[in-house]
Amino acid sequence: NNRNVVLYIKPGKVRVDSMALAFKITNGAHISPGEGEVQDFRAPVVYTVSAADGKFQKRYVVSMVESSLPSVFDFEYFQFDEDSQYVDFYETIADVRQEAWASGNSAFSFIAGEDPKAYPTQVTDEANHLVHGQHALLLETKSSGFMGGLLKMPIAAGNLFIGSFDGSNLLHPLTKFGLPYNQVPQKLTGYYNYKPGAQMTDKNGDPISGIDECDIYAVWYDRAALHIETGKNYLDDSDVFTSPYILGLAKLNKLEPSVGDAMERFEIPFSYSRNYLADEVLGFGYNLAIVMSSSKNGGTFVGAVGSRLIVDYLTVENK
């Protein structure tokens, strides 16, 4: 993503303790450590790129891991952005931090400021919502205020997904779903509590009938073939359910609103539409995406302000 690079290494194929990388950078720019310098990637290595005039710098944290995403997510790993104080979730894989999770919080920062509870994607430590550990995920659909209304984006659904988020274009933010997963998923399980907001609205912010719904699903797809055929190595909102490279999909048609504050267990089997190859599984050829949202149609800015989805102890059961 923007500041972190993770290289997935087939186990036993590369000397991660003695590796030199090559780079392509802008003419006149400088990178340190330099190109061709041997590094020990058993721990992340920080590379700093400086502009030709020396006025600007950017740090990239480069990691090499010999295993893919974990199978259990209990939302215990997070930090708060230094400037805007929104929560960022991450995972640790083989003792290496990986920016596995993404959300739209960064795009919402121009409204929310420095109040963590003002953001659509949050963390909670309320005891009645904890299934495992000390924290759970809290997603809440928020109003985008006056500016959001002008842009026909009156709401911002709380969301969290495996992948990365590009919010450089506020009018057309890009969600990139999926990261390498070298196991064969069979079920997506977890615990949730969902309370829909009081009033549904459309993309113009006008009241409409209906009750808001949350969304939880997982997609396992052939990233290697997708990249060869299209040059793209991720799925997004436009093709996450329709891509011909999807191998398996786990999705509930509807999660009913919760009665009370207790967490309820869900179990979603993967439905397979294509065969997989064992060699491609072991070789990190396939990606897994898990997506959660407090408003099912939040991507088209339809939903109810105040809809709250809490999720904890999310687990992928593998073959």
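Colleague: How much of the protein chain counts as buried?

Modeller: Keep in mind that we're looking at a predicted model. Here 46% of the 319 residues count as buried. A residue gets that label when its relative accessible area is under 20%.

Colleague: And what about the surface, how much area does the chain expose?

Modeller: About 15,800 Å² is exposed, and carbon and sulfur atoms supply 50% of that.

Colleague: What does the radius of gyration tell me about the protein chain?

Modeller: You hold it up against a rule for compact globules. For 319 residues the rule gives a radius near 20 Å, and the protein chain has 20 Å, so the two agree. Along the principal axes, the C-alpha atoms fill a box of roughly 60 × 50 × 40 Å.

Colleague: How many helices and strands should I look for?

Modeller: Look for four helices and 29 strands. Then ask how far along the sequence the contacts reach. Taking contacts between residues at least 6 apart in sequence, 67% join residues at least 24 apart.

Colleague: Let's take one helix. Which residues of helix 3 are buried?

Modeller: Here's the general idea. An α-helix has 3.6 residues a turn, so residues three or four places apart point the same way. Now the case at hand: helix 3 covers residues 223–230, and its buried residues are R223, A225 and L226. Seen down the helix axis, these fall within an arc of 160°, so they line one face of helix 3.

Colleague: What covers those buried residues of helix 3?

Modeller: The cover includes strand 19 (179–180), strand 23 (215–222) and strand 27 (286–293).

Colleague: How do I read the two ends of helix 3?

Modeller: At the N-terminal end, look for a cap. D222 does that job, with a side-chain oxygen 3.3 Å from the backbone nitrogen of A224. Just past the helix, check phi: G231 has a positive value of about 80°.

Colleague: Where do I find positive phi in a residue other than glycine?

Modeller: Try Q85, where phi is near 70°. Q85 sits in the loop between strand 8 (78–80) and strand 9 (87–89), and its relative accessibility of 27% makes it partly exposed. F301 is another case, with phi near 65°. You'll find F301 in the loop between strand 27 and strand 28 (303–304).

Colleague: Which peptide bond is cis?

Modeller: Omega is the angle to check. The bond from S32 to P33 is cis, with omega near -5°. P33 belongs to the loop between strand 3 (30–32) and strand 4 (38–39).

Colleague: Now the inside. Which residues have the most contacts within the largest nonpolar core?

Modeller: That core has 42 residues, and the ones with the most contacts inside it are F75, W101, L188, I290, M292 and L314. Apart from it lies another core of 15 residues, including F177, Y221, Y234 and L235.

Colleague: What does M292 touch?

Modeller: Skip residues up to four places away in sequence, and the list includes F75, W101, L137, L139, D215 and L314.

Colleague: D215 is on that list. Is D215 buried or exposed?

Modeller: Compare its value with the cut-off for buried, under 20%. D215 has a relative accessible area of 8%, so it's buried. It lies in strand 23, and a polar contact of 2.8 Å joins its side chain to that of K251. Not counting residues up to four places away, D215 also touches V291, S293, K296 and L309, among others.

Colleague: And which side chain makes a polar contact with E99?

Modeller: R97 does, at 2.6 Å. E99 is in the loop between strand 11 (96–98) and strand 12 (101–102), and is buried, with a relative accessible area of 16%.

Colleague: Last one: where is P116?

Modeller: Look in the loop between helix 1 (105–112) and strand 13 (121–124). P116 is partly exposed, at 31% relative accessible area. Leaving aside neighbours within four places, P116 is in contact with F80, Q85 and Q122. To place P116 against D215, use the C-alpha atoms: they're separated by 23 Å, with the two residues 99 apart along the chain.

Technical notes:
Residues are numbered from 1 along each chain as its sequence is written. Side-chain values use heavy atoms; hydrogens and water are left out. Buried means under 20% relative accessible area, exposed over 50%, partly exposed in between (1.4 Å probe, protein chains only). Helices (H or I, at least four residues) and strands (E, at least two) are DSSP runs, numbered from the N terminus. The arc is that of the directions from the helix axis to the C-beta atoms. Contact means heavy atoms within 4.5 Å. A polar contact is a pair of N or O atoms within 3.5 Å; within protein, one must be able to donate a hydrogen and the other to accept it, and residues adjacent in sequence count only if both atoms are side-chain atoms. The radius of gyration is taken over C-alpha atoms; the globule rule is 2.2 Å times the number of residues to the power 0.38. Accessible areas come from the Shrake-Rupley method with a 1.4 Å probe; for residues, only the protein chains shown count as cover. A nonpolar core is a set of buried Ala, Val, Leu, Ile, Met, Phe, Trp, Tyr and Cys residues joined through side-chain atoms within 4.5 Å.
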